[in-house]
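Trainee: I've just been handed a new structure and I'd like to get to know it. Can we go through it together?

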Amino acid sequence: MIETPKVFYKYREFNARFLESLLTDQVFFADPSAFNDPLDTKPHLIGAANTPDLRDVLNQLLVKKKKNEMTAAARSINYKGPKTVTHIDRQAHQFASSKLSEIAAFAEFFDPEIPTSPDEIENNGLMSEIERELMHGYSMGVFSLASKNNCPLMWSHYGDQHQGICVGYSLHANEPENVQQVSYGGDRSVRVEDVAAMLRGDEKAKKRVDNTVLLKKGEEWRYEEEWRLIGPMGLHNSRMELTEVVFGLKCPDAVKFSVIRSLEGRAGPDVQFMEVEEDQENFAFNVVPVDIGWVCCELPRRVGTLIEDFG
């Protein structure tokens with residue numbers, strides 16, 4: 001286990017949406033299904049559960065998902081009260097029952113030439129649906145962070161080919177944060193017994209499932225040294241303190257000027273402005289303070305003034 005960093009970093013492309021989030025102190029929790037690693041948050045279900053147990057697990061996952069969807073829709077149009085709750089509960093159970101019947105019906109229509117029984121086909125269908133619900137059923141977003149600001153690969157992959165920005169965040173001293181470390185390698189298997197126990201309220205089982213679904217990646221991604229905040233998907237007020245802005249090796253001076261000027265007068269701790277420079281001896285980057293005076297004395301510039309000055 002690596003010691004928790006004092007500062008966490010987010011590599012970003014500079015654009016209007018990023019600047020707005022920087023100025024409003026907001027961060028974006030991404031939908032895991034949109035990640036660039038197709039195996040990230042994609043669990044593989046294993047175990048020797050029988051068909052009734054698998055049906056029960058899937059039924060609970062489907063009911064929970066449908067209830068959450070319908071409750072959110074009802075809340076958005078200000079529907080509430082016991083009739084609404086009863087209707088949502090009935091519709092959720094009908095939805096789950098229909099899906100289970102569909103899987104069972106499909107299993108009955110199997111090719112006798114294939115040495116697979118209807119029970120095996122149904123079990124495979126139930127396992128696949130449980131995997132799908134585990135992946136989507138969390139309805140949680142991920143705010144991915146790195147532990148260092150000078151990784152050439154991270155700058156290439158997430159920092160707009162070194163033209164972007166890396167933002168540093170520290171933990172609030174008065175608010176312990178649940179920043180969780182990603183583990184690399186091993187398998188991505190989740191035991192169906194753990195899913196069943198999680199649905200019964202077993203916290204240890206839930207942690208095992210959560211760690212596999214949300215906090216595991218392939219060995220090839222180890223260079224990222226990733227940490228994650230888990231929360232509702234979308235844009236939210238930051239739960240961390242903005243402390244540092246690092247400009248990429250190829251970041252234009254105009255971007256540096258815009259960000260520095262935009263954050264002038266920001267309340268709270270001072271933001272440190274840094275930039276990447278080449279290490280003269282090694283294949284590495286150094287991160288050094290920005291010469292703010294130099295950047296800001298050159299910009300903004302009016303071409304007409306230069307012509308007038310030099311006749």
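Trainee: Let's start with threonine 41: does it count as buried or exposed?
Mentor: Keep in mind that we're looking at a predicted model. Threonine 41 sits in the loop between β2 and β3, and its phi is near 55°, a positive value in a residue other than glycine. The cut-off for buried is under 20% relative accessible area. Threonine 41 has 3% relative accessibility, so it counts as buried.

Trainee: Okay, stepping back, how many helices and strands are there in the protein?
Mentor: The chain has 311 residues, and buried residues make up 39% of them. As for the elements, you'll find 10 helices and 14 strands.

Trainee: Why is the protein described as more spread out than a compact globule?
Mentor: For 311 residues, the globule rule gives 19 Å. The radius of gyration here is well over that, so the protein is more spread out than a compact globule. The C-alpha trace spans about 90 × 50 × 40 Å along the principal axes. The radius of gyration that settles it is 25 Å.

Trainee: What share of the contacts with a separation of 6 or more comes from residues 24 or more positions apart?
Mentor: Contact here means heavy atoms within 4.5 Å. Among contacts with a separation of 6 or more, the share from residues 24 or more positions apart is 80%.

Trainee: And how much of the accessible surface belongs to carbon and sulfur atoms?
Mentor: Start from the total, which comes to about 18,200 Å². The part belonging to carbon and sulfur atoms is 53%.

Trainee: What about charge: how far apart are the centres of the positive and negative sets?
Mentor: Count the side chains, and you get 35 positive and 49 negative ones. The centres of those two sets lie apart by 7 Å.

Trainee: Which side chain of opposite charge is nearest to lysine 42?
Mentor: Lysine 42 is in the loop between β2 (26-29) and β3 (44-46). Leaving out residues up to four places away in sequence, it touches Pro32, Ser33, Met135 and Arg188. Lysine 42 is buried yet has no salt bridge, and a salt bridge needs the atoms within 4 Å. At 7.0 Å away, the nearest side chain of opposite charge is aspartate 40.

Trainee: Which residues are linked with Asp40 in a network of salt bridges?
Mentor: By the rule used here, the salt bridges come to 22. In the network with Asp40, the linked residues are Lys217, Glu224, Glu226 and Arg228.

Trainee: How far apart are the closest N and O atoms of lysine 256 and glutamate 275?
Mentor: These two form a salt bridge. The pair links distant parts of the chain, with lysine 256 in helix α8 and glutamate 275 in strand β13, 19 residues apart. Both residues are buried. The closest N and O atoms are apart by 2.8 Å.

Trainee: Which other residue of helix α8 forms a salt bridge with lysine 256?
Mentor: Look three residues away, about one turn of the helix. The closest N and O atoms of this pair are 3.8 Å apart. At 8% relative accessibility lysine 256 counts as buried, while its partner, at 41%, counts as partly exposed. That partner is aspartate 253.

Trainee: Which residue forms a salt bridge with glutamate 241?
Mentor: The closest N and O atoms of the pair are 3.9 Å apart. Glutamate 241 is in strand β12 (residues 240-247), and its partner is in the loop between α8 (253-262) and β13 (272-278), 25 residues apart. Glutamate 241, at 18% relative accessibility, counts as buried, whereas the partner, at 23%, counts as partly exposed. The partner is arginine 266.

Trainee: Where is glutamate 225 found?
Mentor: Glutamate 225 has a positive phi of about 45° although it is not a glycine. At 28% relative accessibility, it counts as partly exposed. Beyond its neighbours within four places in sequence, its contacts are Leu145, Ala146, Ser147, Lys148 and Tyr184. Its place is the loop between β9 (216-217) and β10 (226-232).

Trainee: Last one: which peptide bond is cis, with omega near -5°?
Mentor: Go to the loop between α9 (292-298) and α10 (303-310), where proline 300 is found. The cis bond leads into that proline, running from leucine 299 to proline 300.

Note on methods: Residues numbered from 1 in each chain as written. Predicted model: local features only at pLDDT ≥ 70, side-chain atom pairs only at ≥ 80, totals over all residues. Heavy atoms only, no water. Helix = DSSP H or I, 4+ residues; strand = E, 2+ residues; numbered from the N terminus. Rg over C-alpha atoms; globule rule 2.2 N^0.38 Å. Buried < 20%, exposed > 50% of the residue type's maximum accessible area, 1.4 Å probe, protein only. Areas by Shrake-Rupley, 256 points an atom, 1.4 Å probe, with all protein chains shown as cover. Lys, Arg positive; Asp, Glu negative; His and termini not counted. Charge placed at Lys NZ, Arg CZ, Asp CG, Glu CD.
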